[in-house]
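This report is written for a reader who meets the structure below for the opening time, and it moves from a pocket to helix packing, ring pairs and a few single residues. Please keep the sequence and the model in view while reading.

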Amino acid sequence: FDQSAKGWRSLPEKEQSRVINGYIRKNKKKLALPHQANLYWHLGQTHALQGNEKEAVRYMRKSKIDDDKHWNNYVDATIAFINKDEGLFRHHSAGANFDHQPNRETLDRLGKNFGKSYRDAY
């Protein structure tokens, strides 16, 4: 599944979630859990960027991975941001320690732009 700028990200926004969802349905039995979680995360993110907050949260929750507290804190911090719960956002953001700098930068941006839409803050 191509996540580069030439892959699904190059599609119009409304098509992105349709393509990712179709890929998950078609390949669900073959996908390893981390890859499946990654796809659900990006599916949720496409919904968040489009303002479909309920769908975004639903798919983001599916992206959680057992025994990965840092990733799960990232997910929960993002969901708290979408739900405009600043206390929960701060709590989970503090627990999300990453070697992957872009995720830390994303949480920093969300924190600095708390109260804005995910699209505007992201």
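How many residues of each class, nonpolar, polar and charged, are in the lining of the largest pocket? The lining has five nonpolar, six polar and three charged residues, and, as with everything that follows, this is read from a predicted model.

## The largest pocket

The largest pocket has a volume of about 240 Å³. Of the 14 residues that line this pocket, H42, Y74, H100, N103 and Y122 are the closest to its centre. Two or more lining residues come from each of the elements α2, α4 and α6, the last of which spans residues 101–112, and α6 gives the most, with five residues.

Two of the residues close to the centre can be followed further. H42 has its place in helix α2 and, because its relative accessibility is 10%, under the 20% limit, it counts as buried. Leaving out residues up to four places away in sequence, H42 touches Q3, W8, R9 and I20. N103, in turn, is found in helix α6, and its relative accessibility of 14% is the reason why it counts as buried. Residues up to four places away in sequence again set aside, N103 touches W71, Y74 and F98.

## Packing of helix α3

Helix α3 covers residues 53–62, and its buried residues are A56, V57, Y59 and M60. An α-helix has 3.6 residues a turn, so residues three or four places apart point the same way. The buried residues of α3 pack against three other helices, namely α1 (13–27), α2 (33–49) and α4 (69–82). Y59 also has a charged partner, since the charged end of R58 sits over the ring of Y59, at 4.4 Å from the ring centre.

## Aromatic pairs and charges over rings

The structure holds nine aromatic pairs. One of them joins F81 and Y118 in an edge-to-face arrangement, with 6.4 Å from centre to centre and 65 degrees between the planes. This pair links distant parts of the chain, as F81 belongs to helix α4 and Y118 to helix α7 (residues 118–121), 37 residues apart. Are the two partners buried or exposed? F81 counts as buried because its relative accessibility is 2%, and Y118 is buried as well, with a relative accessible area of 4%.

The pairing extends beyond these two rings, for ring pairs link F81, F89, F114, Y118 and Y122 into a cluster. Y122, a member of that cluster, has the charged end of R109 over its ring, at 5.3 Å from the ring centre.

## Two positive phi angles

Two residues that are not glycine have a positive phi, and they are set side by side here.

| Residue | Phi | Place | Relative accessibility |
|---|---|---|---|
| D67 | about 65 degrees | loop between α3 and α4 | 83% |
| K84 | near 60 degrees | loop between α4 and α5 (86–94) | 46% |

D67 counts as exposed because its relative accessibility of 83% is over the 50% limit. K84, at 46%, counts as partly exposed, because that value lies between the limits of 20% and 50%.

## L49 and L11

L49 is found in helix α2, while L11 lies in the segment before α1. How many residues apart in sequence are L49 and L11, and how many Å apart in space? They are 38 residues apart in sequence and 14 Å apart in space, C-alpha to C-alpha.

Leaving aside neighbours within four places in sequence, L49 is in contact with E13, Y118, R119 and Y122. Among these contacts, Y118 and Y122 are also members of the ring cluster, and Y122 is among the residues closest to the centre of the largest pocket. L11, for its part, touches Q16 and V19, not counting residues up to four places away in sequence. With a relative accessibility of 31%, L11 counts as partly exposed.

Technical notes: Residues numbered from 1 in each chain as written. Predicted model: local features only at pLDDT ≥ 70, side-chain atom pairs only at ≥ 80, totals over all residues. Heavy atoms only, no water. Buried < 20%, exposed > 50% of the residue type's maximum accessible area, 1.4 Å probe, protein only. Helix = DSSP H or I, 4+ residues; strand = E, 2+ residues; numbered from the N terminus. Contact = heavy atoms within 4.5 Å. Phe/Tyr/Trp six-rings, centres within 6.5 Å; stacked < 30°, edge-to-face > 60°. Lys NZ or Arg CZ within 6 Å of the ring centre and 35° of its normal. 1 Å grid on protein atoms, 1.4 Å probe; cavity = no way out; pocket = protein on both sides within 12 Å on 5 of 7 lines; lining within 4 Å. Points joined across faces, edges and corners; volume = space filled by probe spheres on them. Nonpolar A, V, L, I, M, F, W, Y, C, P; charged D, E, K, R; others polar.
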